[in-house]
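Me: I'd like to go through how two chains meet, one term at a time. Here is the model I'm looking at.

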Number of protein chains: 2
Amino acid sequence: MPDMNLAIDNYRINPESQVMLADWAGDDDGGLDKSETKAATAALSERLVELQHLLFAQGKHRLLVVIQATDTGGKDSTIRRVFGPLNPAGVRVTGFTKPSDQELAHDYLWRVHAHTPAAGQIAVFNRSHYEDVLVVRVHNLVPEAQWKLRYQHLREFERLLSDEGTTIVKLFLHITPDEQRRRLQDRVDDPTKWWKFNRADLTERERWDDYQAAYSDMLARTSEPVPWHVIPANHKWFRDHLISTILVDTLEGLDLAYPEPDEDLTGLTIS
Amino acid sequence: MPDMNLAIDNYRINPESQVMLADWAGDDDGGLDKSETKAATAALSERLVELQHLLFAQGKHRLLVVIQATDTGGKDSTIRRVFGPLNPAGVRVTGFTKPSDQELAHDYLWRVHAHTPAAGQIAVFNRSHYEDVLVVRVHNLVPEAQWKLRYQHLREFERLLSDEGTTIVKLFLHITPDEQRRRLQDRVDDPTKWWKFNRADLTERERWDDYQAAYSDMLARTSEPVPWHVIPANHKWFRDHLISTILVDTLEGLDLAYPEPDEDLTGLTIS
């Protein structure tokens, strides 16, 4: 069922590779036709609803979807568009923003672990444990000697989750600097969007190269045991299609099925 | 915008009243036309999406929706159909099933309090703190002298939440015994639904009158400060319409608005 015209593998990080994010094109559209692709995405979305229903009914597997992106990369709209059609009883979205005092009083994975999915559930992380090697690194919130140790923690944390039955899909939404400029300018040009605008986005933008280096190291150093996918995200229609394809492919790879009934109910009449 | 042809007040419990649930018709359809009503519900659903977007953007109000029902009353399909279209980033559904050992080691409101909504969020409870005067009462899980004290706890717990800024909507899905029989028989007649069937549903059905008495007391004794709505739920299209109307009416009663921008951005150019 996943669109085999789209080679998912091309967007998955090979853990052996040296990743230079600049080698990936944020404006890649896979050579696909926009309107045909949108129709195919709608079909994938319906399939995703069916697969989630099975996941939920079976109550066996857990799915964790980790979404990271450059600022304005489209995390919010991805969540609304790709996960919006699913049954809300089986989806839990957690946004990881600046940690609270209580969270900072623990190790950095403490708050993350608490939000991993239960059986039958899909957890979606809007930002995640990876901020602890991204914003934390770029802004020197902890010393380099400390954040450098974290790549191993992150790999081994995900190994634990995987070994214990959680399927993890990691998505990095990748846009070009020019696309970020357009998106920020769009917000500025529309006064109804001013409330969304944050001056800090501009100072973060000035650190574009520092962030790209941090992303590149993250992708290279934490793609095993669970690989990252780099999602070209300039074109939202392509982004949604690629992500939907990856999710359908992942869920179809599990042994999803309705649970066995407890008994044969043939002929039972309810009075 | 809510359909004023539908008098919501007629479905809201007057706290002064003596409630006899048998006086409410589970098969009431408000005298509405089915296909016209479905179209109106679709429009209400779009309005609900807009209102949720404002709720989320403003990050000020919290909405808690409590759903209780007779078995097979339609809690799951209500959640899927009414809350499904909303942005999953702002909706959290919690199902309260049999408490865990850890939960039982605390007072019965402990686990519930933990799942109340944060600012900008909608929390939906599939079953709730009210089970502690329903299943607990019918099955004598705690002595009568103990569960009788709980009506006051429940009222005062909701007063606390309301006083501190949480808007609460309480929905009781009401079906007729004959409709329950049909729904159980439908599950039995379709082998692909056998996995959903639970023999315990039949023994619960034998206690229909005990449950009706427990529901009636709950509705009468916990409708202030936050009133219950009795939702006739034999007809799913009517149920969805009434609930959507109540939710839109509730959210329109709040002062929802986009936050004020921090500054005037006229003329700013992003480089």
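**Where chain B meets chain A**

Reply: In this predicted model, 35 residues of chain B are in contact with 36 residues of chain A, contact meaning heavy atoms within 4.5 Å. Local features need pLDDT of at least 70, side-chain atom pairs count only at pLDDT 80 or more, and totals for chains, interfaces and linings use all residues. Residues are numbered from 1 along each chain, chains are lettered from A, and side-chain values use heavy atoms, with hydrogens and water left out.

Me: What makes the area between chain B and chain A "buried"?

Reply: Buried area is the accessible area (1.4 Å probe) that two parts lose on being put together, summed over both. Here that comes to about 3400 Å², with carbon and sulfur atoms giving 64%. On the chain B side, B:Trp194, B:Trp195 and B:Ile270 lose the most, together 22% of what that side buries.

Me: Why is the pair A:Arg199 and B:Glu263 called a salt bridge?

Reply: The rule wants a side-chain nitrogen of Lys or Arg within 4 Å of a carboxyl oxygen of Asp or Glu. A:Arg199 and B:Glu263 sit at 2.6 Å, N to O, so the pair qualifies under that cut-off. Across this interface the rule finds two salt bridges.

Me: How do you know which axis relates chain B to chain A?

Reply: Superposed by least squares on C-alpha atoms of residues with pLDDT of at least 70 in both, chain B lands on chain A with an RMSD of 0.0 Å after a turn of 180° and a shift of 0.0 Å along the axis. That's the relation of a two-fold axis.

Me: And why say the copies meet through the same surface?

Reply: Because 100% of the interface residues of chain B are also interface residues in chain A.
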